[in-house]
Amino acid sequence: MNTRSESASNTARRGHLVGAHRALSLYPADDSCLSVLSGRAWVTLNLPHVPEGLGDHVLQAGDTLHVPAGAHLVMEPWASGEAVRFDWCVLPVAVPAPGRFQREVGAPTRELAQALGQVVLAFGRLARGVLGYGEFLVAGRGRVLSRFESNPP
């Protein structure tokens, strides 16, 4: 006897859910992308630096919306009693490629400065080590050796 129903399937659900009669408010710090996976959503986008910053959008499954950093987004299901499943991703920040001067002069200069810094540190450690053994180098010349340092007759 098969007792498993279709609503209790084990398939993993992707994304986030805005339930029926609920609303979600987001303040993204980075440029982001809103993708509706299932259902229909009413999205209000407020851009603080644009005089006509209010914009209402109705998105359905498969639609995406670019949300700039610093915007205020409010989302709720379009129809009463339904839910909306969505995915939210932060867009990657484009890093500018280094210029020719930075590649051919700047990078070798940083590497040389780092190498010289390591040389100075190594020389300082060497000098401290040699000076630390100075008393052993002049043993017997005006210094009385302890019984552990001297050779018994």
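# A guided tour of the predicted model

A search of the whole structure finds 1 aromatic pair. Select Trp42 and Trp78 to display this pair: the ring centres are 6.3 Å apart and the planes stand at 80 degrees, so the arrangement is edge-to-face. The two residues are 36 positions apart and connect distant parts of the chain. Trp42 belongs to strand β4 (residues 40-46), while Trp78 sits in the loop between β7 (72-77) and β8 (84-90). Are these two side chains buried, exposed or in between? Trp42 has a relative accessible area of 34% and is therefore partly exposed. Trp78, at 43%, likewise counts as partly exposed.

**Colour by confidence**

Before proceeding, colour the chain by pLDDT, since the model is predicted. The mean pLDDT of the protein is 80, and 76% of its residues reach 70 or more. Which elements mark the two ends of the range in mean pLDDT? Helix α1 (residues 100-132) has the highest value, 92, and helix α2 (residues 134-137) has the lowest, 65. Select residues 1-11 next: the pLDDT there is below 50, and beyond near neighbours in sequence this stretch makes 2 contacts in the model. Where pLDDT is low, the predicted coordinates should not be read in detail.

**Strand β3 and its partners**

Select residues 32-38, which form strand β3. This strand is mostly covered, with 5 of its 7 residues buried. Which strands pair with β3? One is strand β6 (residues 64-67), which pairs with β3 in the antiparallel sense over 4 bridges. Within this pairing, display Cys33 and find His66 of β6 opposite. Another is β8, which runs antiparallel to β3 and is joined to β3 by 6 bridges. Here Leu34 stands opposite Trp88 in β8.

**The largest nonpolar core**

Keep Leu34 displayed and add Val43, Leu65, Val67, Leu73 and Met75. Among the 14 residues of the largest nonpolar core, these six touch the most other members. Which strands supply at least two residues each to this core? They are β3, β4, β6, β7 and β8. The largest share, 3 residues, comes from β4. In soluble globular proteins, nonpolar side chains tend to be buried together.

Now centre the view on Leu73. Leaving aside neighbours within four places in sequence, Leu73 contacts Leu34, Val43, Leu65 and Val67, among others. The contacts of Leu73 also include Leu24, Ser25, Leu26, Thr44 and Leu45.

**Leu26, across from Leu73**

From Leu73, move to Leu26 in strand β2 (residues 24-26). The C-alpha atoms of Leu26 and Leu73 are separated by 5.1 Å, although the residues are 47 apart along the chain. Not counting residues up to four places away in sequence, Leu26 touches Ala71, His72, Leu73 and Trp88. Why is Leu26 not classed as buried? Its relative accessible area is 21%, and buried means under 20%, so Leu26 counts as partly exposed.

**An unusual backbone angle at His21**

Finish at His21, in the loop between β1 (16-18) and β2. Most residues other than glycine have a negative phi. His21 is not a glycine, yet the phi of His21 is positive, at about 60 degrees. Is the residue buried or exposed? With a relative accessible area of 65%, His21 is exposed.

Conventions
Residues are numbered from 1 along each chain as its sequence is written. Side-chain values use heavy atoms; hydrogens and water are left out. Buried means under 20% relative accessible area, exposed over 50%, partly exposed in between (1.4 Å probe, protein chains only). Contact means heavy atoms within 4.5 Å. Rings of Phe, Tyr and Trp (its six-membered ring) pair if their centres lie within 6.5 Å; planes under 30 degrees apart count as stacked, over 60 as edge-to-face and the rest as tilted. pLDDT is the predictor's confidence in each residue, from 0 to 100. Two strands pair if DSSP finds at least two bridges between them. A nonpolar core is a set of buried Ala, Val, Leu, Ile, Met, Phe, Trp, Tyr and Cys residues joined through side-chain atoms within 4.5 Å.
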